2 protein chains.
Amino acid sequence: MTINDIAALTGVAASTVSRALSRPDRVNRVTRERIQAAARELNYVPNTQARALSSGRTETVALLVSDATNPFYFGLIRGAQQQLRAAGHALLLIDTEDSAELENHLLHKVRRSVDGVILAASRLPEQTLSVIAAELPVVTVNRNVPGVRSVVIDSPDGVMQAVEHLVSLDHRAIAYVAGPPSSWANEARWRAMRTAMARHGLTAARVGPFGVSRSSGSVAADALLNTGATAGVTFNDLLAIGILRRLAERGVDVPGEISVVGCDDIFGADFCSPPLTTLTAPIEQAGRVAVSMLLDHLEHLGETASRQTVLLPTHLTIRQSSGPAPRR
Amino acid sequence: MTINDIAALTGVAASTVSRALSRPDRVNRVTRERIQAAARELNYVPNTQARALSSGRTETVALLVSDATNPFYFGLIRGAQQQLRAAGHALLLIDTEDSAELENHLLHKVRRSVDGVILAASRLPEQTLSVIAAELPVVTVNRNVPGVRSVVIDSPDGVMQAVEHLVSLDHRAIAYVAGPPSSWANEARWRAMRTAMARHGLTAARVGPFGVSRSSGSVAADALLNTGATAGVTFNDLLAIGILRRLAERGVDVPGEISVVGCDDIFGADFCSPPLTTLTAPIEQAGRVAVSMLLDHLEHLGETASRQTVLLPTHLTIRQSSGPAPRR
DNA sequence: AACCGGGTGGCAACCGATTGCCATTAATTG
DNA sequence: CAATTAATGGCAATCGGTTGCCACCCGGTT
C-alpha cells in the first residue's frame with residue numbers, strides 16, 4: 001500500500017496523492033475526497049522513513065534518561081509520551097547509563113533520525129551541550145544552559161521550604177546528602193540549602209557524593225550519622241529511601257533521632273516506612289511541558305523563542321520521616 | 001556528511017563506500033581502510049531512514065506497554081533497552097493506555113517503521129494478535145498465543161508456591177484479588193490458584209476485577225475483607241500495595257489479621273509497610289530475553305523457530321506481609 | 001480577441017542509502 | 001599460452017514519499 005497504489009487506483013499522479021494527504025488545500029475537493037477514501041479503504045499508512053528522507057521530518061523525538069530504572073523518569077516518560085502521542089509523534093527512549101561519553105555518542109547517532117531531543121538530567125558539559133543544541137533542537141530538563149531551552153523544576157525553592165520546615169522543628173545541624181557531582185540539579189540544591197541555612201545563621205554540612213540508588217543509601221546513612229546532624233536533606237528520594245532502610249536496620253529512630261527529607265516525591269515515597277517527607281515535583285507535567293516546548297520550537301524554527309526556560313514550582317509534602325529535633 | 005561526501009573525498013563511487021561500511025569483505029583492504037578512515041574523520045553517521053528505505057531494516061524495535069507508569073514495566077524497559085543497545089538497535093516506546101483499539105491502531109501505524117515489536121501485556125484478542133504476528137515479527141510477554149513466540153514468566157507456578165506457603169501457615173480461606181479480565185496472566189494465575197487450592201481440598205474465593213493501580217487497592221481491600229478470607233493473593237504488587245495501605249488505614253493488622261501476597265516483586269515491594277511477600281519475577285531478564293528472541297527471529301526469517309516460548313521461573317519471596325492465620 | 005491570474009494536477013528531481021549486475025583486472029589452472 | 005575464475009569497484013535502479021516548477025483549463029478583464 002504505497003502512494004503509488006493509491007495513485008493507480010484513483011487515476012491520478014503520485015504527487016497528487018501526496019498532496020491530498022499532507023496539504024489538502026492544494027488539491028480540488030472532489031479529487032481529494034476520492035483519494036482520501038481510497039487511502040482509507042486500502043488502510044494506507046505513510047512510510048515514515050520515506051517521508052523523513054525527503055521532508056527531513058521524522059515525527060520522532062528522543063528522550064534521553066540517565067537510567068531507565070530510576071523511578072523519577074517514569075513520570076517524565078509518561079508525561080512526554082502523552083504529549084507526543086497527542087501530537088502524533090513517536091518516542092525514542094534512550095538510556096545513557098549515566099555516562100557523558102555514551103550520552104554524547106548516542107546523541108550523535110540519533111541526530112539525523114529524530115526531530116529533536118529531550119535531555120533529562122544530562123551529564124554533558126555545558127559547552128558540548130551548546131554545540132549539540134546548535135545543530136539539533138534540544139530541550140533540557142533540570143539543567144540550565146544559556147541558549148538552550150529548558151524546563152526546570154524549582155527544587156532549590158523546595159529545598160528552602162524544607163530547611164524552613166526543619167528549622168521550625170528546632171533542627172540546627174542539618175546535612176545535605178549529595179548526589180552525582182555531574183548533576184546540575186545537585187549543585188543547585190546544595191546552593192539553595194546553604195543560602196537557606198545562612199538566613200538562619202546556620203551552616204549546612206555536606207556528605208557525598210553518592211550514587212543515586214537505594215544501595216548507596218546505606219553508605220549515605222552512615223555518613224549522615226557521622227556528621228552529627230539531626231536532619232538530612234537528600235539529593236533525591238531513591239537515596240532517601242535507601243537511607244531510611246539503613247537507619248531502620250541500625251535501629252535509629254526516624255524521625256525521633258534524625259529527620260530525613262527527600263526530593264522529587266517519586267513512586268514509593270508515600271508508602272515507604274516511615275512515609276517520606278519530600279519535595280513534591282510535578283514530574284509528569286515536566287515531561288509534558290518539555291515536549292510542548294520542543295514541538296513549539298520545531299514549528300517556529302528560526303524564530304527566537306519567547307520563553308527559554310519554564311520553571312515549575314515544587315512544594316514540600318510533609319509525611320512522617322521528619323519531626324521535632326531530638327533533645328540534647 | 002553523506003556517503004557521497006566520503007565517496008568524493010576518497011575518489012571512489014558511493015556504492016563502494018556503502019560496501020566498505022556495511023559489508024567490509026566485499027571491498028579491498030586498502031580501499032576499505034581509506035574509506036573507513038575518511039568516515040571516521042568526517043564523523044560520518046549513516047542516515048537511518050535512508051538505510052531503512054532501501055534495505056527495509058530500521059534497526060528499531062517497538063516495545064508496547066499498557067501503562068508506562070506501571071513499575072512492572074520499568075524493569076522490562078530496562079532489560080529490553082540494554083539488550084537492544086548491545087545490538088545497536090533503538091527502542092521505540094509505546095504506551096497503549098490499556099486500550100485494545102489504541103494498541104491495534106498504534107501497531108498498525110508503526111508497522112513499517114520497526115523491524116519488530118514486543119508486546120508486553122497485550123490486550124488484543126488472540127485472533128488479532130495472530131494476524132499481526134503474521135505480517136510483523138512479534139514477541140509477546142506474559143501472553144501465550146499459538147504461533148507467536150513469547151516469553152512468559154511462570155507466575156502460575158509461583159502462585160502455587162504462594163498457596164503452599166499460606167496453607168502451611170494454616171490459612172484455609174484464601175482469596176484471589178483479580179486484575180483486568182483482558183489480561184492473559186490474570187486468568188493464568190487464577191487457574192493456578194484454584195488448582196493449588198484444590199490439591200488441599202480447598203476452594204479459592206475470587207474478588208474483582210480491579211484496575212491495576214494503587215487506588216484500586218482501597219476497593220479491593222474492602223472486598224477482600226468481605227470474603228472473610230484470612231489471606232489474599234493479588235494479581236500484582238501495585239494492587240497489593242494499595243491494599244496494604246487501605247488495611248493500615250482501617251486498622252487491620254497485616255499479617256496478624258490477614259496476610260497479603262503480591263505478584264512481580266516490583267520496585268517498592270521490599271520497602272512498603274509491611275514489606276510485601278510476593279512472587280519475585282525476573283522482569284529485567286524477561287525484557288532481555290524478549291529482545292534476544294526477536295533479534296534472533298529477525299536474523300533467521302523464514303526458518304521455523306527452535307523455541308517458540310521461553311518460560312522464566314519465579315520464586316516466592318517471603319517478607320512480612322504474610323504470617324500465620326489468625327486463631328478463630 | 002487578446003490577456004491575466006487563480007486553481008489543479010503532472011513531471012521529474014531529489015532525499016541517502018542499498019544492491020543486482022556488469023566490466024575490468026588479476027590470479028589460477030590445464 | 002589460452003581459458004577459467006575470483007576479486008574488486010562502478011553504474012544505475014530502487015525504496016516511498018516530497019516539492020519546485022510548469023502546463024493547462026477557465027472564468028473574468030480590458
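In this predicted model, helix α6 of chain A covers residues 100-110, and Glu103(A), Leu106(A) and Leu107(A) are buried in that helix. Looking down the axis of α6(A), the buried residues fall within an arc of 105°, so they line one face of the helix. Turn to the other side of α6(A) and you will find Glu101(A) and His105(A), which are exposed. What do the buried residues of α6(A) pack against? Their partners are β1 (60-65), β2, β3 (116-120) and α7 (126-135), again of chain A.

**The strands next to that helix**

β1(A) deserves a closer look. Six of the six residues of β1(A) are buried, so this strand is largely enclosed by the rest of the structure. The cover extends to both faces: one side carries Thr60(A), Ala62(A) and Leu64(A), the other carries Val61(A), Leu63(A) and Val65(A), and all of them are buried. A general point helps in reading that list: in a regular strand the side chains alternate between the two faces of the sheet.

β1(A) and β2(A) run parallel and are joined by six bridges. If you would like a landmark in the viewer, take Ala62(A), whose bridge partner in β2(A) is Leu92(A).

β2(A) also reaches across to the other chain. Strand β2 of chain A, residues 90-95, pairs with β2(B) in the antiparallel sense over three bridges. Here Leu93(A) stands opposite Leu91(B) of β2(B).

**How the two chains meet**

The contact between the chains draws 33 residues from chain B and 33 residues from chain A. On the side of chain B that touches chain A, at least two residues each come from α4, α5 (71-86), β2 (90-95), α6 (100-110) and α11 (237-250) of chain B. Which of these elements gives the most to that side? It is α5(B), with six residues. By class, this side of chain B divides into 16 nonpolar, 11 polar and six charged residues.

The arrangement is symmetric in a way that is easy to check by superposition. A turn of 180° and a shift of 0.1 Å along the axis lay chain B on chain A with an RMSD of 0.1 Å. That is the relation of a two-fold axis. The interface agrees between the chains as well: 100% of the interface residues of chain B are also interface residues in chain A, so the copies meet through the same surface.

**The surfaces near the DNA**

Both DNA strands have protein around them, and the two surfaces can be set side by side.

| DNA strand | Surrounding residues | Element giving the most | Classes |
|---|---|---|---|
| C | 24 residues | α2(B), six residues | 10 nonpolar, 12 polar, two charged residues |
| D | 24 residues | α2(A), six residues | 10 nonpolar, 12 polar, two charged residues |

The residues closest to DNA strand C are Ser15(A), Asn28(A), Ser54(A), Thr2(B) and Ser15(B). For DNA strand D, the closest are Ile3(A), Ser15(A), Ala50(A), Ser54(A) and Ser15(B).

Which helices supply at least two residues each to the surface near DNA strand C? They are α2 (14-22) and α4 (48-55) of chain A, together with α2 (14-22) and α4 (48-55) of chain B. Near DNA strand D, α2 and α4 of chain A and α2 and α4 of chain B again supply at least two residues each.

**Chain A as a whole**

Chain A holds 12 helices and 12 strands. Its C-alpha trace spans about 90 × 35 × 30 Å along the principal axes. Of the 328 residues of chain A, 48% count as buried. Among contacts in chain A between residues at least 6 apart in sequence, 70% join residues at least 24 apart.

**A single position in chain B**

Gly116(B) lies in strand β3 of chain B, residues 116-120. Is Gly116(B) buried or partly exposed? It counts as partly exposed, because it has 19 C-beta neighbours inside 10 Å, and a residue needs 20 or more to be buried. Leaving aside residues up to four places away in sequence, Gly116(B) touches Val61(B), Leu136(B), Pro137(B), Val138(B), Leu294(B) and Leu298(B). For a distance check, the C-alpha atoms of Gly116(B) and Leu279(B) are separated by 30 Å, with the two residues 163 apart along the chain.

Terms used: Residues numbered from 1 in each chain as written. Chains lettered and ligands numbered in written order. Predicted model: local features only at pLDDT ≥ 70, side-chain atom pairs only at ≥ 80, totals over all residues. Near = placed C-beta within 6 Å. Helix = DSSP H or I, 4+ residues; strand = E, 2+ residues; numbered from the N terminus. Nonpolar A, V, L, I, M, F, W, Y, C, P; charged D, E, K, R; others polar. Contact = placed C-beta atoms within 7 Å. Pairing = 2+ DSSP bridges. Buried ≥ 20, exposed ≤ 12 C-beta atoms within 10 Å, placed from the backbone. Arc of directions from axis to C-beta. Least-squares fit on C-alpha atoms with pLDDT ≥ 70 in both.
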